[in-house]
Amino acid sequence: MKIKIFIAILILFLSFVYQEYPKWRNYNDDFVHVYFLDVGQGDAILIKDNRRRLFLIDGGPNRQIIFQLSNILPFWINRIDYVIASHPHADHITGLFYVLQKYDVDCIVYYPSSNPISNVDKEFQSLISNLAISECENDEISHWQFNLSTKLGDENLNSVVAMYSYKDFDVLLTGDAEIETQKKMLQYIEKDIEVIKVPHHGSFDSYYLPFLYNLRPELAVISVGENNRFNHPNQKTVDGYTNLGINILRTDLNETIHIRSDGNRWEVVK
């Protein structure tokens with residue numbers, strides 16, 4: 001009987017180590033890890049930098065973000081250093097409700113309109129206020145936001161665009177930025193980048209050729225849900241990236257996409 005109990009405990013322990021060791025290793029190494037999380041039809045990107053700081057950009061449309069984070073972070077991690085909510089659409093901020101309630105968040109970047117656009121937006125603003133989460137004051141991640149429109153329904157034009165850089169490795173995170181926003185961005189980014197998150201889930205209004213000519217990304221990631229009702233990504237957008245020789249990965253086809261970099265070289269982790 002004692003032997004059976006011992007074997008059962010040993011199996012449980014080995015199973016626990018098998019699951020947790022890769023999380024511990026990736027969290028504690030000196031690499032930058034970027035995860036484009038598979039949260040369905042929405043955006044959520046987690047970055048772990050070489051100093052073991054955690055940055056979360058958007059949270060997707062539901063609580064799937066919690067499952068994804070638990071698959072990546074060691075179980076004892078209960079803090080996220082820096083959160084960016086790109087704009088107040090539900091497919092970007094709904095998951096952040098669960099994040100803010102489960103994790104201690106040091107600061108947040110969020111530029112909502114003075115009049116909430118939906119109940120989701122209103123409740124999200126209230127949650128930030130109730131939890132007394134401060135606004136991020138430093139540019140740990142460079143980010144830009146242009147108030148190009150005050151019309152209800154034009155929130156994509158005001159989407160925050162963020163760029164994480166470490167040495168020679170650059171990742172551009174575009175939220176749902178449409179063409180007019182991308183035109184504004186051209187004056188702020190003057191170097192090639194390695195990875196771009198395709199704006200607005202690869203929709204028809206997200207493809208702007210001069211933007212890509214200027215950035216020259218090597219990899220484009222499309223955050224999109226399988227068989228979504230919007231028919232994202234648009235095939236002409238996909239073809240445009242492909243014709244430029246830019247490799248494409250998609251969360252609906254490839255699930256969570258994990259990129260690792262030492263600041264000089266980078267790779268997609270299989």
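Is R53 buried or partly exposed? In this predicted model, R53 counts as buried, because its relative accessibility is 18% and the cut-off for buried is under 20%. Let's start from this arginine and then walk through the salt bridges, the nonpolar cores and the sheet.

**Salt bridges**

R53 has a charged partner: its side chain meets that of E140 in a salt bridge, with 2.7 Å from N to O. This pair links distant parts of the chain, with R53 in the loop between β2 (45-48) and β3 and E140 in the loop between β6 (134-135) and β7 (142-144), 87 residues apart. E140 is partly exposed, at a relative accessible area of 33%. The two residues are not alone, since D49 joins R53 and E140 in a network of salt bridges.

In total, the structure holds eleven salt bridges. Side chains of opposite charge can pair when their charged atoms come close. The table sets out three of the pairs, with the N to O distance and where each partner sits.

| Pair | N to O distance | Location of partners |
|---|---|---|
| E20 and K23 | 3.1 Å | both in helix α1 (residues 2-28) |
| R53 and E140 | 2.7 Å | loop β2-β3 and loop β6-β7 |
| R79 and D106 | 2.5 Å | strand β4 and strand β5 |

The E20 and K23 pair stays within one helix, its members three residues apart, about one turn of α1. E20 counts as buried at 11% relative accessibility, and K23 is buried too, with a relative accessible area of 11%.

R79 and D106 again link distant parts of the chain, 27 residues apart. Here R79 counts as partly exposed at 42% relative accessibility, and D106 is partly exposed at 34%.

**Nonpolar cores**

In soluble globular proteins, nonpolar side chains tend to be buried together. The largest nonpolar core in this model has 30 residues, and those with the most contacts inside it are L37, L46, I65, L69, I80, V99 and F124. Two or more residues each come from β3 (54-57), α2 (64-72), β4 (79-84), α3 (90-102), β5 (104-109) and α4 (119-130). Of these, α3 gives the most, with five residues.

I65 is a good place to look around inside this core. Leaving aside residues up to four places away in sequence, I65 touches L37, V39, A44, L56, G59, G95 and V99. A second, separate core has 26 residues, including V32, I84, V221 and I257.

**The open sheet**

Next comes a sheet of six strands. It is open, with the order β7-β8-β9-β10-β11-β12 and mixed pairing. Which strands stand at the edges? They are β7 and β12 (247-250), and each has a single partner strand, so one side of each is left without a neighbour in the sheet. On average, neighbouring strands are turned by 15 degrees against each other, direction ignored.

Within the sheet, strands β8 (residues 161-166) and β9 (residues 169-173) run antiparallel and are joined by five bridges. One bridge to find on screen pairs S165 with D170 in β9.

Helix α7 (residues 235-243) packs on this sheet, touching β10 (195-197), β11 (219-222) and β12. The direction of α7 makes about 140 degrees with that of β12.

Conventions: Residues are numbered from 1 along each chain as its sequence is written. This is a predicted model: local features need pLDDT of at least 70, side-chain atom pairs count only at pLDDT 80 or more; totals for chains, interfaces and linings use all residues. Side-chain values use heavy atoms; hydrogens and water are left out. A nonpolar core is a set of buried Ala, Val, Leu, Ile, Met, Phe, Trp, Tyr and Cys residues joined through side-chain atoms within 4.5 Å. Buried means under 20% relative accessible area, exposed over 50%, partly exposed in between (1.4 Å probe, protein chains only). Helices (H or I, at least four residues) and strands (E, at least two) are DSSP runs, numbered from the N terminus. Contact means heavy atoms within 4.5 Å. A salt bridge is a side-chain nitrogen of Lys or Arg within 4 Å of a carboxyl oxygen of Asp or Glu. Two strands pair if DSSP finds at least two bridges between them. Axes are lines fitted to C-alpha atoms, for helices over the stretch in contact, and angles run from 0 to 180 degrees between N-to-C directions.
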